[in-house]
Amino acid sequence: MRPGTQASRGGAGSRAAGEERALTSVAAGDRFQGEESGDTPRLWHVTLSVSGKEAPLPEVRRALEQLAHDHPFFLTSRYAVDHAEIRYWEEARDLHDAAAVALRLWGEHRQTAGLPPWEIVGLEVIDRVTYHQRIAEGYGPPPASPVGVHPF
């Protein structure tokens, strides 16, 4: 495409050949007119998936139980020798804040809870309404029952 010409699809504007398009986004906490205030904390359902080298099951269980004791709103976790899934409720102003806390959770509690040196391999953060809507429609995991730490 020649500089100054409009792309036929996607509205590339007047970019020169090879010039990268700047990405734009809404900053964390920005609201559109009519949206609710960002100052009111909301509940977010978090599913954090971690994995790594094998660790003894009793040590993994003990570490996850300690994490459950240390972290408020802990709901449930499932574990195996090389991976785990943690589900809990996080109170945060918006999704950005809830995701940031979730991404720090494993690393910040690794020493105090004795967690394995695994890496985060998955993260889902959804609001309370979406969580309950999925459950009502039969999608997603059923509500955690019983609450606690369980093997896969």
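Helices and strands here are DSSP runs, at least four residues for a helix and at least two for a strand, numbered from the N terminus. With that in hand, the protein chain of this predicted model comes to three helices and five strands. Reading along the sequence, you meet them in the pattern β-α-β-β-α-β-α-β.

## The chain as a whole

The protein chain has 152 residues, and 32% of them count as buried. Among contacts with a separation of 6 or more, 68% are between residues 24 or more positions apart. The exposed surface is about 9800 Å², with carbon and sulfur atoms supplying 52% of it.

## Helix α2, from start to end

A good place to begin the tour is helix α2. This helix covers residues 95-113, 19 residues in total. From the first C-alpha to the last, α2 reaches 26 Å, close to the 27 Å expected at 1.5 Å a residue. Even so, α2 bends by about 40 degrees at Arg-104.

Both ends have details to look at. At the start of α2, Asp-94 places a side-chain oxygen within 3.2 Å of the backbone nitrogen of His-96. Just after α2, Gly-114 has a positive phi of about 75 degrees.

Which residues of α2 are buried? They are Ala-98, Ala-99, Ala-102, Leu-105, Trp-106, His-109 and Ala-113. The cover over these buried residues includes strand β1 (42-51), helix α1 (57-70), strand β3 (83-92) and strand β4 (119-127).

## Two aromatic pairs

The model has two aromatic pairs. The table sets out their geometry.

| Pair | Arrangement | Centre to centre | Angle between the planes |
|---|---|---|---|
| Trp-89 and Tyr-131 | edge-to-face | 5.0 Å | 80 degrees |
| Trp-106 and Trp-118 | stacked | 6.2 Å | 5 degrees |

For the edge-to-face pair, Trp-89 sits in strand β3 and Tyr-131 in helix α3 (residues 128-137), so the two rings tie together parts that are 42 residues apart in sequence. Trp-89 and Tyr-131 are both buried.

For the stacked pair, Trp-106 belongs to helix α2 and Trp-118 to the loop between α2 and β4, so this pair ties together parts twelve residues apart in sequence. Trp-106 is buried, and Trp-118 is buried as well.

## His-71, beside α2

Now to a loop residue that meets the helix. His-71 lies in the loop between α1 and β2 (74-79). Is His-71 buried or exposed? Its relative accessibility is 9%, and since buried means under 20%, His-71 counts as buried.

Leaving out neighbours within four places in sequence, His-71 is in contact with Tyr-88, Glu-90, Leu-105 and His-109. Leu-105 and His-109 also appear among the buried residues of α2. His-71 and His-109 are 38 residues apart in sequence, while their C-alpha atoms are 9.0 Å apart in space.

## Helix α1 and the end of α2

Two residues of helix α1 meet the end of α2. One is Gln-66, which lies in α1 and counts as partly exposed at 28% relative accessibility. Not counting residues up to four places away in sequence, Gln-66 touches Thr-112 and Ala-113. The C-alpha atoms of Gln-66 and Gly-114 are separated by 8.1 Å, although these residues are 48 residues apart along the chain. The Gln-66 side chain also makes a polar contact with the side chain of Asp-70, at 2.8 Å.

The other is Arg-62, again in helix α1. Arg-62 has a relative accessible area of 43% and is partly exposed. With residues up to four places away in sequence left out, Arg-62 touches Ala-113 and Gly-114. Arg-62 and Gly-114 are 52 residues apart in sequence, and 8.2 Å apart in space from C-alpha to C-alpha. This is the Gly-114 that takes the positive phi just after α2.

## Asp-127 in strand β4

The last stop is Asp-127, which has its place in strand β4. Its relative accessibility is 18%, and because the cut-off for buried is under 20%, Asp-127 counts as buried. Which residues does Asp-127 contact, leaving aside neighbours within four places in sequence? They are Arg-42, Leu-43 and Trp-44. Strand β1 covers residues 42-51, and this strand is also part of what covers the buried residues of α2.

Methods:
Residues numbered from 1 in each chain as written. Predicted model: local features only at pLDDT ≥ 70, side-chain atom pairs only at ≥ 80, totals over all residues. Heavy atoms only, no water. Expected span 1.5 Å × (residues − 1). Bend = angle between axes of the 7 residues up to and from the residue. Buried < 20%, exposed > 50% of the residue type's maximum accessible area, 1.4 Å probe, protein only. Contact = heavy atoms within 4.5 Å. Polar contact = N/O pair within 3.5 Å; in protein donor to acceptor, adjacent residues only side chain to side chain. Areas by Shrake-Rupley, 256 points an atom, 1.4 Å probe, with all protein chains shown as cover. Phe/Tyr/Trp six-rings, centres within 6.5 Å; stacked < 30°, edge-to-face > 60°.
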